[in-house]
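Me: I'm new to this one and would like to go through it slowly. Could you show it to me and then explain the labels as they come up?

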Amino acid sequence: MPFHLAAFSQSVDPAGLFTAIAGVIDPVLTVVGNNVQVPTLNRVIGLAAGVETTVAQQARLTAPSRRILALQRIAPLQGNAAAASLPGDPHKFIDLLDSPLQMVTGEQANVEVNSNPAAVQIQWGLVWFADAAVAPIAGPFFTIRADGATALVAQQWTNVPIVMAENLPRGRYQVIGMRAQSTSLVAARLVFVGTGSQGPWRPGVLGTNTDRHLEHPAFRYGGMGVFGEFEDTDTPSIDCLATAADAAEVFYLDLLQTRAGPG
C-alpha cells in the first residue's frame, strides 16, 4: 500500500493567530503557496507539527472537506522556545494508520499554526497521505546502516544519495522501516528508482537529531507496512527536510529480502 509524506514549513511569527504556513515544493504533488493539493492518495494516516513554544502553541490541518465536521487538530506538538522547531524526543506523531481521515482528491490542504514568538522561527507540519488504512507486516527482516554527506537546504526537500555500510547480496528488497538522523533534521522520505509497486510516491518518517533520539515505533520494523522495494543494484536515495544546512546524515533501513540473486 503506497503512502507519501508531504510537508509545510515557514519561518514565521503568527502573533497569536492561526496562520497557514508554506507548502514545501514537492516534485510529486501540486504545491502553490500555502496550498498542497490532495493527491489520489486521499486518506491521511499520520500528522505531526513543530510549533514555537513561548506561548501556548496550536496546529491544525485544514481543507474544505474537514470543515464539514471540524478542522483536524494536531496534538501533542513538538517545538522549541525562541528557536527552530525540531522533532520531539520521543516523537509526537498522530497515528491514524488504522483509522485514516478521508480527504477529497484535488482539494487544497493547509497546515495552520498558532504561536507568538518574540521573533520569527521555523515552524512546520507533516501530512502522511495514503490510499487506505495501513496494516503492519512481519517477516525475517534485518537492519542496515547507510550514510549521506549532502549539504541540506533549510526548509526544502534535499535529495541525498546514500552509501550502505555493507554491500547487499544480489536480490530484491522491501523497505519496511526507516530511521533518519541529522542534527537539524525534521523529516526524511525514500526516493525509489523508477516507480515499481509504490508508484511515484515518497514514503517517509519524522527525523531524529542524535543517536539517542527515540523515534515513533510506527516508523520501524513493519509498523507502516511496505514503504517500497528495490533491486540491490538500484539503491534508493533519501529526501531530507531540515532547519539548517546539515551535511552529515545517518539512516537505518529495515529490509526484507523478497528474492535472492539477480532477477
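**Strands, rings and charges**

Reply: Sure. Strand β15 (residues 171-181) and β18 run antiparallel and are joined by four bridges. Keep in mind that this is a predicted model.

Me: What makes β15 and β18 a pair?

Reply: Two strands pair if there are at least two bridges between them, and β15 and β18 have four, so they count as a pair. As an example, Gln174 has Glu229 in β18 as its bridge partner.

Me: How do you know that both faces of β18 are covered?

Reply: Look at the side chains along residues 228-231: Gly228 and Phe230 are on one side, Glu229 and Glu231 on the other, and all are buried. Buried means under 20% relative accessible area.

Me: Which strands are the edges of the open sheet with the order β13-β19-β16-β17?

Reply: That sheet has four strands with antiparallel pairing. Its edge strands are β13 (158-160) and β17 (204-206), each of which pairs on one side only. From one strand to the next, the twist averages 25°. Strand β16 (residues 185-191) meets β17 over three bridges, with Ala187 opposite Leu206.

Me: Now the rings. Why is the pair of Phe93 and Trp128 called edge-to-face?

Reply: Ring centres must lie within 6.5 Å to pair, and planes over 60 degrees apart count as edge-to-face. Phe93 and Trp128 are 5.0 Å centre to centre with 80° between the planes, so the label fits. Phe93 lies in the loop between β7 (72-73) and β8 (94-95), and Trp128 in strand β11 (residues 121-130), so the pair ties together parts 35 residues apart in sequence. Phe93, Trp128 and Phe219 form one aromatic cluster.

Me: What makes Tyr173 buried and Phe142 partly exposed?

Reply: The cut-off for buried is under 20%, and partly exposed runs from there up to 50%. Tyr173 has a relative accessible area of 1%, so it is buried. Phe142 is at 30%, so it counts as partly exposed.

Me: And how do you know that the rings of Phe142 and Tyr173 are edge-to-face?

Reply: Their centres are 6.2 Å apart and their planes at 85°, so the pair is edge-to-face.

Me: What makes Arg60 sit over the ring of Phe18?

Reply: The rule asks for a charge within 6 Å of the ring centre and within 35 degrees of the ring normal. The charged end of Arg60 is 3.7 Å from the centre of the Phe18 ring and sits over it. Arg189 does likewise over the ring of Trp157, at 4.1 Å from its centre.

Terms used:
Residues numbered from 1 in each chain as written. Predicted model: local features only at pLDDT ≥ 70, side-chain atom pairs only at ≥ 80, totals over all residues. Heavy atoms only, no water. Buried < 20%, exposed > 50% of the residue type's maximum accessible area, 1.4 Å probe, protein only. Helix = DSSP H or I, 4+ residues; strand = E, 2+ residues; numbered from the N terminus. Axes fitted to C-alpha atoms, helices over the stretch in contact; angles between N-to-C directions. Phe/Tyr/Trp six-rings, centres within 6.5 Å; stacked < 30°, edge-to-face > 60°.
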